[in-house]
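Trainee: Could we go through the inside of this model together, starting with how it packs and then moving on to its empty spaces?

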Amino acid sequence: MQGVPEKMIGSLHLRKYSPYQFFKEQQMIQSRYRDYYHVKAPLILSLVNNHEEVICFINEIKAHLERKHKVFVVLSNVVTLTDDAIVVLLSSMIRFRENHIDFNGNYPKSKKAAEKLEKSGFFDYLYKNGADALSVKSMNSSIYTHGYKRADAAFASRMIEASSKVIWGESRRCPGVQNTFTELMANTYKHASGGVEGEHHWWVSMTKDYEHKKVVFGFVDYGVGIFRSLKNKSPDDKLYGGLQKLLQKFPLADNNAKMMKLILEGELHKTATLQSNRGRGLPYIHSCQKDNSIDSLVIISNNVYADVKNGEYKLLDNEFIGTFVTWEMNSTIFNL
């Protein structure tokens with residue numbers, strides 16, 4: 001309103017935000033996109049803080065994709081928006097573009113949420129040519145989103161270098177963060193949904209918190225998820241039948257939440273292969289959290305939510321088809 005006479009501000013605000021104006025806008029959307037399926041986002045669009053509703057929202061979008069339905073994503077009522085949800089939504093909507101299925105949507109009415117969505121690079125990335133395009137934002141941005149099909153250690157190093165300047169004001173090495181990235185990228189590359197290496201993408205968000213001197217990473221592997229992947233192992237795979245063997249050894253681990261804890265502790269590898277194999281995969285990431293090389297590790301995969309740091313493992317009502325991992329880099333973790 002800079003430069004607008006004070007007596008005009010009230011009428012301008014009323015015309016823009018009045019119930020009548022909002023009603024007209026909704027009518028226009030319904031009319032223009034009447035042959036689209038309208039998918040409404042929850043008020044709190046955060047996978048970590050509102051996982052059940054967000055997973056349900058993402059699954060509804062995915063269901064329309066599978067049926068080749070055009071969708072209109074309704075974000076207007078979103079009041080809280082976090083970077084982990086942005087990158088999960090982005091990884092979903094890219095699939096519509098790749099399959100040449102029409103889609104559209106609107107902005108949150110919340111100014112803060114709308115600005116966050118805009119600055120994230122969500123739209124730039126969504127409309128770039130090719131899903132393997134380079135990042136639309138520099139490492140100095142508040143969020144970094146990226147989709148790629150292979151492990152990229154150099155990419156992880158650049159993210160860590162940019163993050164360390166937020167925390168310590170200088171470049172530092174964080175081996176635990178680096179290796180966590182490497183393991184997650186490698187898992188996505190090796191455990192593609194169709195059994196073909198490199199078949200689908202991984203996605204990353206990076207949120208810098210200058211006030212608290214920390215950086216939060218979110219990693220999305222939009223494959224089939226940990227438990228579906230284990231169940232789909234071929235007979236020649238060393239982990240074939242691993243879940244059944246694990247249940248025989250630990251009969252009280254009668255659901256996926258309990259299984260997740262055992263998997264992170266390395267029991268799956270020890271049971272299925274008779275080797276500890278703690279230097280690779282999820283057990284290694286778990287060890288990084290235990291020895292303070294990363295902080296605040298949370299994993300969501302299939303029907304399991306695991307807050308590893310706080311020892312909370314629980315079953316979800318809605319299944320997330322894929323794997324989401326978030327962790328924190330701050331001044332307390334091991335660094336060089």
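Mentor: Let me fix a term to begin with: a nonpolar core is a set of buried Ala, Val, Leu, Ile, Met, Phe, Trp, Tyr and Cys residues joined through side-chain atoms within 4.5 Å, where buried means under 20% relative accessible area, exposed over 50% and partly exposed in between, with a 1.4 Å probe and protein chains only. This is a predicted model, in which local features need pLDDT of at least 70 and side-chain atom pairs count only at pLDDT 80 or more, while totals for chains, interfaces and linings use all residues. Residues are numbered from 1 along each chain as its sequence is written, and side-chain values use heavy atoms, with hydrogens and water left out.

Trainee: OK, how many residues does the largest nonpolar core have?

Mentor: The largest nonpolar core has 48 residues, and those with the most contacts inside it are Val177, Ile299 and Trp327. Its largest share, seven residues, comes from helix α7 (residues 153-168), a helix being a DSSP run of H or I with at least four residues, and a strand a run of E with at least two, numbered from the N terminus. Another core, of 40 residues, lies apart from it and has Leu45, Val54, Val88 and Ile94 among its members.

Trainee: And what is isoleucine 299 in contact with?

Mentor: Leaving aside neighbours within four places in sequence, Ile299 is in contact (heavy atoms within 4.5 Å) with residues including Ile226, Met260, Leu264, Leu282, Tyr305 and Phe324.

Trainee: Switching to helix α10, which of its residues are buried?

Mentor: In α10 (residues 242-249), the buried residues are Gly242, Leu243 and Leu246. Seen down the helix axis, they fall within an arc of 95 degrees, so they line one face of α10; the arc is that of the directions from the axis to the C-beta atoms. What covers them includes α9 (226-231), α11 (256-264) and α12 (267-273).

Trainee: Now the empty space: how much lies in the largest pocket?

Mentor: The largest pocket holds about 800 Å³ of space. On a 1 Å grid over the protein atoms alone, a pocket is an open set of points with protein on both sides within 12 Å along at least five of seven lines, whereas a cavity is a set where a 1.4 Å probe fits but cannot get out, and lining residues have an atom within 4 Å of a point.

Trainee: Which residues are closest to its centre?

Mentor: Of the 34 lining residues, those are Leu81, Thr82, Asp83, Lys116 and Thr207, and α5 gives the most to the lining, with five residues.

Note on methods
Grid points are joined across faces, edges and corners, and a volume is the space filled by probe spheres set on the points.
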